[in-house]
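Me: Please choose one part of this structure and look at it closely, then work outwards to the other parts that can be described in detail. I am new to it, so plain wording is best.

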Amino acid sequence: MDSFQPTIGRTLAAHAKRDPAAIAILSPGLRPLTFGELSLQIERIGAQLRAAGIGASSRVGVALPRGPEAALVSLAVSATAIMLPINPNLTAADLETEIERIKIDALIVPHSDELPTWAVRSSGLFEVARATTSFAEIALTQRSDVARKKPAGDVDEKSVSVIFRTSGTTGSAKRVPVTHQNLVEMARKMQRWLKIGPSDRSTCILPIYYNAGFKATLLVPLLIGCSVAMPATTNPNEFDQWVDELRPTWLTAAPAFLQAVLDLRMRFNADGQSQGTTVDAEFPPGVGGQAPVARRFRMAKRRGDFSQRRAERNIT
């Protein structure tokens, strides 16, 4: 039965109603976040944004590094308003230019004793408290008023949820809007194509401010009802350590990361299929096959080695 709802917030709330104790997000050092808790956190942060004057059509910049804070805040903002992910690793000058260019109504940054120069003049400035033991510690503190206050409004399937920045590899970088309907349909297709469901666990190692990082490794798995694991490190040398700890079944990563993992850990073994991690990436020519083909690798930890079963699926 199709469990998807018209918006991402309503879909996540439906999962919370169906099985509130099911794990939604795992992050080392933090108590696991359940779908019931995730839905409550999204509503709590959403209510705070609405009270500050952030409506469904407001543009909210999120400049957070990959981590549980970025995951929770990005989900809440994209369910409530229009999220514009911002790469916090840009230079201060580039960040000032980007923020001026995208015309945001509010900006969310990590908590700091001293605000960065590129953020201090922003209206609607919020800081995010860092989680140390629980996702419940992730909270917004408002530092400046929202200059362009908007009514809350209703979020529906046609509402824009996220505006992503393109890589600019085929021209100048630009922003592309994605609606709730687009995101829910992507989840429906991934569930059908890749045969993943609530028993699966995605691995979020890509930066959440990237299109694929947010959509493919965080939001879409949650919309399907999967759990999401967020390793503390993205070092390929520590791959086996966090796989043992977090027990993911699905991994989407950059080709360079996957090649490093294959070089370090993989040996073919047809027997090892019982407990696996599926790995997905667009491989360039010369790395594992011809692009654009998504290659999936089923891996199992067996006697200290990783076993691999490989299949191909053209999903373009």
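Reply:
**A ring pair in helix 7, and what lies beyond**

Phe 239 and Trp 242 are three residues apart in helix 7, which spans residues 239–246, so about one helical turn separates them. The model is a predicted one. Phe 239 has a relative accessible area of 0%, under the 20% cut-off, and therefore counts as buried. Trp 242 is also buried, at 4%. Their rings do not stand alone: ring pairs join Phe 239, Trp 242 and Phe 257 into a cluster.

Across the whole structure, the search for aromatic pairs returns four. One of them joins Tyr 209 and Tyr 210, whose ring centres are 4.8 Å apart; their planes meet at 75°, over the 60 degrees required, so this pair is edge-to-face. The two partners differ in how much of them can be reached: Tyr 209 is buried at 13% relative accessibility, while Tyr 210 is partly exposed at 43%. Back in helix 7, the pair of Phe 239 and Trp 242 has ring centres 5.0 Å apart and planes at 75°, so this pair too is edge-to-face.

Tyr 209 leads to another feature, since this residue is part of the lining of the largest cavity. Rolling a probe the size of a water molecule over the atoms shows where empty space is left. Two cavities of 30 Å³ or more are counted in the model, and the largest holds about 40 Å³ of space. Besides Tyr 209, its lining is made by Val 62, Leu 64, Ala 70, Ser 74, Met 83, Pro 85 and Ile 208. Helix 3 (68–80) and strand 4 (82–85) each give at least two residues to this lining. Sorted by class, the lining has seven nonpolar residues, one polar residue and no charged ones.

The next stop is His 15, which sits in helix 1, residues 8–18. With a relative accessible area of 2%, His 15 falls under the 20% limit, so this residue is buried. Its side chain reaches the backbone nitrogen of Gly 225 at 3.5 Å. Beyond its neighbours within four places in sequence, His 15 is in contact with Gly 225 and with Ser 3, Pro 20, Phe 35, Leu 222, Leu 223 and Ile 224.

Arg 148 is the last residue to look at. Its place is in the loop between strand 7 (140–142) and strand 8 (160–165). At 44% relative accessible area, a value between 20% and 50%, Arg 148 is therefore partly exposed. Which residues does Arg 148 contact once its neighbours within four places in sequence are set aside? They are Gly 53, Lys 103, Ile 104 and Asp 105. With Ile 104, a polar atom of the Arg 148 side chain lies 2.9 Å from the backbone oxygen. With Asp 105, the polar contact is between the two side chains, at 2.8 Å. Arg 148 and Ile 54 are 94 residues apart along the chain, and 8.4 Å separates their C-alpha atoms.

Notes
Residues numbered from 1 in each chain as written. Predicted model: local features only at pLDDT ≥ 70, side-chain atom pairs only at ≥ 80, totals over all residues. Heavy atoms only, no water. Helix = DSSP H or I, 4+ residues; strand = E, 2+ residues; numbered from the N terminus. Buried < 20%, exposed > 50% of the residue type's maximum accessible area, 1.4 Å probe, protein only. Polar contact = N/O pair within 3.5 Å; in protein donor to acceptor, adjacent residues only side chain to side chain. Contact = heavy atoms within 4.5 Å. 1 Å grid on protein atoms, 1.4 Å probe; cavity = no way out; pocket = protein on both sides within 12 Å on 5 of 7 lines; lining within 4 Å. Points joined across faces, edges and corners; volume = space filled by probe spheres on them. Nonpolar A, V, L, I, M, F, W, Y, C, P; charged D, E, K, R; others polar. Phe/Tyr/Trp six-rings, centres within 6.5 Å; stacked < 30°, edge-to-face > 60°.
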